[in-house]
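Trainee: I've got the viewer open and some coffee. Can we go through this one together, piece by piece?

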Amino acid sequence: MGASLMALLATSGCATSSLLDSDSHTSTSTTKNVLSEDQIIAFGRPAQALPKMPNASMVIVGEKNSYVLTQGGTEMISLLGSLTPKNIQVDNDMNFYVPNNDGYFQGEMKLSYAKLKDEFKRSDYQFFLQNSGKECTSASDQRINAQRFCFSVPVKGAIYPQVSNLSMIQSNYRPLSKPYMVSFYSKTTQSHVSSSGANTAQKLVLLPFALAFDVVTFPFQLLE
């Protein structure tokens, strides 16, 4: 009977140890890893259709790379090309998520457009209705008798090398009203037990078939 009791305690001890180990491994944390940051030079569109990217409509031209929007580009062009640039504000950081670090990113662009109420026309309100603009007038706007509309555009895209005609764009294109940055990040989930180990640094991966291309810049000037 004594031998049986000892065996039971030993078995219980192993089970407890296993449970503690299991708990420690299931305690996880998610870390946001910045893969790359770039300064925006201009906004434009590909001079010619890109292979495997027939729906590419807008390009964010950076100093390091080019960021081709395959979703949301048409909406962004409509907003930036139809509204008065000096009244546009970017309401969020241009941080894009790269789920698999395979050259594809996703995110959201949030813009707001404000001016004095007596400067709005009927056509402006019609445009807001057609482009899902939401009234978001702040108390500060109200104090100066202004009105504000907000736009949220989900975007997806692909990462390409630096455009071929970057030097020409830099010499001929008036700089943006202030420096704007774009950043790309991934997420990693790890257990607290293994978190003390060395993390492997990652770098932003471009599409395997991506080649440099020329871009035609848009005439509008973003952003106040």
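**Strand β9 and its surroundings**

Mentor: Sure. Ser 186 has its place in strand β9, and keep in mind that this is a predicted model.

Trainee: Is Ser 186 buried or exposed?
Mentor: Check the relative accessible area, which is 5% for Ser 186. The cut-off for buried is under 20%. Ser 186 therefore counts as buried.

Trainee: Leaving aside neighbours within four places in sequence, which residues is Ser 186 in contact with?
Mentor: Skip anything within four places in sequence and list what remains for Ser 186. The contacts are Thr 31, Lys 32, Asn 33, Leu 35, Tyr 97, Val 98 and Gln 202.

Trainee: Which residue's side chain makes a polar contact with the side chain of Ser 183?
Mentor: Ser 183 lies in strand β9, residues 181–191. With a relative accessible area of 12%, Ser 183 is buried. Its contacts, beyond four places in sequence, are Ser 36, Glu 37, Met 94, Asn 95 and Phe 96. The polar contact, at 2.3 Å, is with the side chain of Asn 95.

Trainee: How far apart are the C-alpha atoms of Val 34 and Phe 96?
Mentor: Val 34 is in strand β1, residues 28–46. Past its neighbours within four places in sequence, Val 34 is in contact with Phe 184 and Tyr 185. Phe 96 sits 62 residues from Val 34 along the chain. Their C-alpha atoms are separated by 9.8 Å.

**Cores**

Trainee: Which residues touch the most other members of the largest nonpolar core?
Mentor: That core has 33 residues. Its largest share, 5 residues, comes from strand β8, residues 146–161. The ones touching the most other members are Leu 83, Phe 96, Phe 105, Leu 111, Phe 128 and Phe 184.

Trainee: What is Phe 184 in contact with, apart from neighbours within four places in sequence?
Mentor: Go through the partners of Phe 184 in two batches. Asn 33, Val 34, Leu 35 and Ser 36 are among them. The others named are Tyr 67, Phe 96, Val 98, Phe 105, Ile 159 and Leu 204.

Trainee: How many residues are in the second, separate core?
Mentor: Pick out some members to highlight in your viewer: Ile 41, Ala 158, Ile 169 and Val 215 are included. The size of that second core is 17 residues.

**Strand pairing**

Trainee: How many residues of strand β3 are buried?
Mentor: Strand β3 covers residues 65–71, which is 7 residues. It is largely enclosed by the rest of the structure, because the buried ones number 5 of the 7.

Trainee: Which residue in β3 stands opposite Ile 60?
Mentor: Strand β2, residues 58–62, pairs with β3 in the antiparallel sense over 4 bridges. A hairpin through 2 residues joins β2 to β3. Opposite Ile 60 in β3 you'll find Tyr 67.

Trainee: And which residue in β8 stands opposite Leu 69?
Mentor: β3 also pairs with β8, antiparallel, over 6 bridges. Opposite Leu 69 is Gly 157.

Trainee: What is the bridge partner of Gln 89 in β6?
Mentor: Strand β4, residues 88–90, and strand β6, residues 104–116, pair in the antiparallel sense over 3 bridges. Within β6, the partner of Gln 89 is Ser 112.

Trainee: Which residue in β8 stands opposite Ser 112?
Mentor: β6 and β8 run antiparallel, joined by 13 bridges. Opposite Ser 112 in β8 is Cys 150.

**The disulfide**

Trainee: Which residue forms a disulfide with Cys 150?
Mentor: A search of the whole structure turns up 1 disulfide. The two sulfur atoms are 2.0 Å apart. The partner of Cys 150 is Cys 136.

Trainee: Where in the chain is Cys 136?
Mentor: The pair links distant parts of the chain, 14 residues apart, with Cys 150 in strand β8. Cys 136 is in the loop between β7 (134–135) and α4 (139–143).

Trainee: Is that disulfide right-handed or left-handed?
Mentor: Look at the torsion about the S-S bond of Cys 136 and Cys 150, which is about 90 degrees. The disulfide is therefore right-handed.

**The whole chain**

Trainee: What percentage of the residues in the protein chain is buried?
Mentor: For context, the secondary structure comes to 5 helices and 10 strands. The chain has 224 residues. The buried portion of these is 38%.

Notes:
Residues numbered from 1 in each chain as written. Predicted model: local features only at pLDDT ≥ 70, side-chain atom pairs only at ≥ 80, totals over all residues. Heavy atoms only, no water. Core = buried A, V, L, I, M, F, W, Y, C linked by side-chain atoms within 4.5 Å. Buried < 20%, exposed > 50% of the residue type's maximum accessible area, 1.4 Å probe, protein only. Contact = heavy atoms within 4.5 Å. Polar contact = N/O pair within 3.5 Å; in protein donor to acceptor, adjacent residues only side chain to side chain. Pairing = 2+ DSSP bridges. Disulfide = S-S within 2.5 Å.
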